[in-house]
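Hi,

Here is the structure you were waiting for. Please open it alongside this note; the findings follow below.

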Amino acid sequence: MNRTPLVTKARVTAFAVCFFLLSTTCGASVDRRDTKTDMDLSHSRTETEVTGVYATDTVRKPYKLRFMSYNVENLFDPLDDPDTDDEAFTPEGAYKWTRSKLDRKLRQLASVISDVGEWGFPSVVGLVEVEDLEVVRALVKTDPIRKADYRFSVTRGADPRGIDVALLWNPKDFKQVEAYEIPHYGAPLYYPLRKDPRTKRERSGKGRSSLWVALEDRKTGDLYDVIVVHLPSRRGGTNSTSEKREEVNGKLNRVLDAIEARREMPRIIIMGDFNDSPTNVSVKDSLRSRPINDAHGSFRTHDLYNLASDLEEKGLGTHYFGNRLWLPDQIMVSGALLAPGSRTRVTERREVIFSPAYLRSGKGPKRSFRGNRFISGGFSDHYPVYIDISVE
């Protein structure tokens, strides 16, 4: 941050005198809260500014922020949305989907999110495969995560089934500054959340949107740009559908350039279901992500590093498909969150797959659905992943 010059001694004295007169003769109180508006992204604050004089922060203890990503497998409500093909998830549909089944699934997912939090609740949770605002609102009101009082944003993309992504954040840790949707296809690079400038016909069937939310750390004022993705599926063949994922990640890469251009210290976190492995073309080349081990401890602030790459090398995975466990659920971060001397950095330099015994079934996750049948004891067909960021 470029600091403004210190004011002269005379100006400081004049300021102090005015302050004293105001507070004693007029009974005026001074509001020490930050008056900066939520929409201002110009910088993050670690110091207090008083007409050019900077006072350093009070001493605070180091703390951790946990960022979690979870594909929750078909989190639909039982209502028929006339604008999407969600009839299968209605009481009369193929899944015979009811409110009681939804409530059961919500309790299962809430317990997983709580368990990932360990000492409390995750600070930030990215969700994949949610239908709408209402199911997310129902989830955050479900015990035990109800106590976290999560705030959230949900996209409103153009997926034929109505599948969207969401981001939850703990209001004790963060406040939202801005939120955008990044449409997978079409001319707009991004637009304000749920304010698609295209007509209904123009966006019809144009696929999902990624979610970009700028969050401000309430303790330090640092900004984190968090992006949740759910890339086009492999249905129809991995190679034949790769071009779609390459196109989406290529567009996302342009968004990253835009973020980096406006941030002196870009703290970027991308999470979600990429429907590709860390070494596939769409992730490695189109998104220009670097394997974490390739850096050899030397990280460039504006480069993107994949925290799942070493897990793939070890044969670990989050989703069972094609008779094997593979790794579509990935978390990537900018180099600013990895540098050894940084006061905000990823602690382990890798994502963690959360797969306790109760989430496992056979060779993979204990899923919610088998065919059209709901499994009441299931959770999701993906394991959640998370990272910790240490703040000093």
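**Strand β9 and its sheet**

All 9 of the 9 residues of β9 are buried (under 20% relative accessible area, with exposed over 50% and partly exposed in between, using a 1.4 Å probe and protein chains only), so this strand is largely enclosed by the rest of the structure. Strands here are DSSP runs of E with at least two residues, helices are runs of H or I with at least four, and both are numbered from the N terminus.

Before going on, two notes on the source. This is a predicted model, in which local features need pLDDT of at least 70 and side-chain atom pairs count only at pLDDT 80 or more, while totals for chains, interfaces and linings use all residues. Residues are numbered from 1 along each chain as its sequence is written, and side-chain values use heavy atoms, with hydrogens and water left out.

Back to β9. Both of its faces are covered. One side carries S209, L211, V213, L215 and D217; the other carries S210, W212, A214 and E216.

β9 pairs with β7 in the antiparallel sense over 9 bridges (two strands pair if DSSP finds at least two bridges between them). In that pairing, I182 has S210 of β9 as its bridge partner. On to β10: 6 bridges join it to β9, again antiparallel. There W212 stands opposite I227 of β10. β9 and β10 form a hairpin with 5 residues between them. G221 sits in the turn and has a positive phi of about 80°.

The wider sheet is open and has 8 strands with mixed pairing. Its order is β8-β7-β9-β10-β11-β16-β13-β12. β8 (191-192) and β12 (289-291) stand at the edges with a single partner strand each, so one side of each lacks a neighbour in the sheet.

**Helix α5**

α5 covers residues 238-262. Its 25 residues reach 36 Å from first C-alpha to last, close to the 36 Å expected at 1.5 Å a residue (the expected span is 1.5 Å times one less than the number of residues). Its buried residues include T241, R245, V248, L252 and I259. The buried residues of α5 pack against β7, β9, β10, β11, α6 and β13.

Which residue of α5 is buried yet has no salt bridge? K251. A salt bridge needs a side-chain nitrogen of Lys or Arg within 4 Å of a carboxyl oxygen of Asp or Glu. The nearest side chain of opposite charge to K251 is E247, 7.3 Å away (Lys and Arg count as positive, Asp and Glu as negative; His and the chain ends are not counted). K251 touches P183, H184, Y185, G186, P188 and L189, leaving aside residues up to four places away in sequence; contact means heavy atoms within 4.5 Å.

**Around β4 and α2**

7 of the 7 residues of β4 (124-130) are buried, so β4 too is largely enclosed by the rest of the structure. β3 (63-75) runs parallel to β4, joined by 6 bridges. N71 has V128 of β4 as its bridge partner. β6 (164-169) runs antiparallel to β4, also with 6 bridges. G126 stands opposite L167 in β6.

The 19 residues of α2 should span 27 Å at 1.5 Å a residue, and its end C-alpha atoms are 27 Å apart, which agrees. Buried residues of α2 pack against β3, β4, α3, β22 and β23. E118 follows α2 and has a positive phi, near 55°.

Best wishes
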